Amino acid sequence: MVWIIIIAVAAVVLLGAGLFFFRGGGGATPPLQGTPRPKSGTSVLDVSKDTADGTDGGGGVDVLDPPVVEEAPPSKPTFRERLSKARGAFTGYITSIVGRGVDDQTWEELEEALIRADVGVQTTQSVIESVQEQAAANKVTEGAEVIELLRAELKSRLSGFDRSLKMADTSPSIWLFVGVNGVGKTTTIGKLAKRESNDGKTVVLAAGDTFRAAAAEQLEMWADRAGTEIVRGAEGADPSSVVFDAVESASAKGADLVLADTAGRLHNKTNLMEELTKVRRVAEKGAGKVSEVLLVLDATTGQNGLTQAAQFTQAVEVTGVVLSKLDGSAKGGIVIAIHQELGIPVKLVGLGEGADDLVDFDPDEFVDALLST
Ligand SMILES: Nc1nc2c(ncn2[C@@H]2O[C@H](COP(=O)(O)OP(=O)(O)OP(=O)(O)O)[C@@H](O)[C@H]2O)c(=O)[nH]1
Ligand SMILES: [Mg+2]
């Protein structure tokens, strides 16, 4: 009897256990609803195939990787956006002229606008006379048409110049930078070093400013940025010898271009102007040829730049002007005067302090920016 009871109890226990397991119990944790399982081949955090240096070795989706942001190439500054000061000097006059028919006030305002923009008295007179003649010949009655005639006149006065930066027939070519103190020579060289080496040229910088303390360090900083070689001399060394050494070094290495810095100097200091003549002469004693002498003028000094240019041209044959700091100048009209009165083309324009803020001078774009409202 006892045995029958024991067997019955055991049967009941076994049946209960079987039912429990059959319904999915037995300690197994039910899957959580709403939590998707990763698909095979991907992993929420799969670093198994990542390389030791932290780069993704292709081991599936890795949410810890930062998103890949395509770096936009640095955009060239445009005249339109950087000439706000120079444009500002014209805007009020243009708006006033465009809103009316042609009368005496039209010509007075036009003259005032040009003078204020530092076009210079002489050039202003000749521009106004030419526009007046064309207005009469075309029976122009609207102010807006006068502005269009002015636009065409300014463009025509800036046309026909060769603005290309020349390379010599034999390497290395030497581009010499001259100008008064603080106009932007060293900065321009730095910007050009980057630009020309990006263009595939091998560039050597010559720290020809041995006068100002820290001038060579300043140039060296630009050389580092551009990844170009620099040749320096001791402080107080003869600038001619530094430029000569740089040309020799460039020649030995088969480099294409030497960008030679010089100390800022006042254009009325005869001995300093003679020093410049010597630098230019000695630069060509070795293998290289000077194919550009670029006078750097600060656009904010306006008409004074013309006096400087006349003196520098006498000491070294200037082949082109770099007009720096046009971004901060209301005297954009100086561009017209430089071409008109000196007959030297503006080849490059500085539109800011950054490495990419140097642009080729485009006369049409410049005039359109200047006369836009
Ligand atoms: N806004 C603006 N600043 C500029 C430009 N070019 C140069 N500068 C600034 O002008 C100052 C003088 O520039 P430098 O390149 O040292 O001038 P520099 O002619 O070599 O001067 P010195 O060697 O002392 O004769 C610096 O603060 C430059 O950053 C430009 O195009 N725009
Ligand atoms: Mg300098």
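The exercises below work through a predicted model, each with a stepwise solution.

**Exercise 1. The overall make-up**

Find how many helices and strands the protein has, and what share of its residues is buried.

Solution. Step 1: the secondary structure consists of 13 helices and 8 strands. Step 2: of the protein's 373 residues, 38% are buried. Step 3: among contacts with a separation of 6 or more, 74% join residues 24 or more positions apart.

**Exercise 2. The sheet**

Give the strand order of the open sheet and name its edge strands.

Solution. Step 1: the 8 strands run in the order β3-β2-β4-β1-β5-β6-β7-β8, and the pairing is mixed. Step 2: β3 (229-231) and β8 (358-360) each pair on one side only, which makes them the edge strands. Step 3: ignoring direction, neighbouring strands are turned against each other by 25 degrees on average. Step 4: helix α10 (residues 270-283) packs on this sheet and touches β1 (173-178), β4 (257-260) and β5 (289-298). The direction of α10 makes about 170 degrees with that of β1. Step 5: at the β8 edge, β7 (residues 346-350) pairs with β8 in the antiparallel sense over 3 bridges, and Val349 stands opposite Val359.

**Exercise 3. Helix α7**

Check the length of helix α7 (residues 185-198) against the expected span, then decide whether the helix is largely enclosed or not.

Solution. Step 1: the helix has 14 residues, and at 1.5 Å a residue the expected span is 20 Å. Step 2: the end C-alpha atoms lie 20 Å apart, so the two values agree. Step 3: a residue is buried if 20 or more other C-beta atoms lie within 10 Å of its own. Step 4: 10 of the 14 residues are buried, so α7 is largely enclosed by the rest of the structure. Among these buried residues are Lys185, Lys191 and Lys194, along with Ile189 and Leu192. Step 5: Gly200 follows α7 and has a positive phi, near 100 degrees.

**Exercise 4. The core**

Locate the largest nonpolar core relative to the two domains that contribute to it.

Solution. Step 1: the core has 90 residues, and Leu176, Leu205, Ala206, Ala246, Val258, Leu259 and Ala260 touch the most other members. Step 2: domain 1 (79-158) and domain 2 (173-318) both supply residues, so the core lies between them. Step 3: beyond four places in sequence, the contacts of Leu259 include Trp175, Ile189, Leu192 and Leu205.

**Exercise 5. Asn304**

Classify Asn304 as buried, partly exposed or exposed.

Solution. Step 1: Asn304 belongs to helix α11 (residues 304-315). Step 2: Asn304 has 16 C-beta neighbours inside 10 Å, so it counts as partly exposed.

Terms used: Residues numbered from 1 in each chain as written. Chains lettered and ligands numbered in written order. Predicted model: local features only at pLDDT ≥ 70, side-chain atom pairs only at ≥ 80, totals over all residues. Core = buried A, V, L, I, M, F, W, Y, C linked by C-beta atoms within 7 Å. Buried ≥ 20, exposed ≤ 12 C-beta atoms within 10 Å, placed from the backbone. Domains from an automatic or database assignment. Contact = placed C-beta atoms within 7 Å. Helix = DSSP H or I, 4+ residues; strand = E, 2+ residues; numbered from the N terminus. Pairing = 2+ DSSP bridges. Axes fitted to C-alpha atoms, helices over the stretch in contact; angles between N-to-C directions. Expected span 1.5 Å × (residues − 1).
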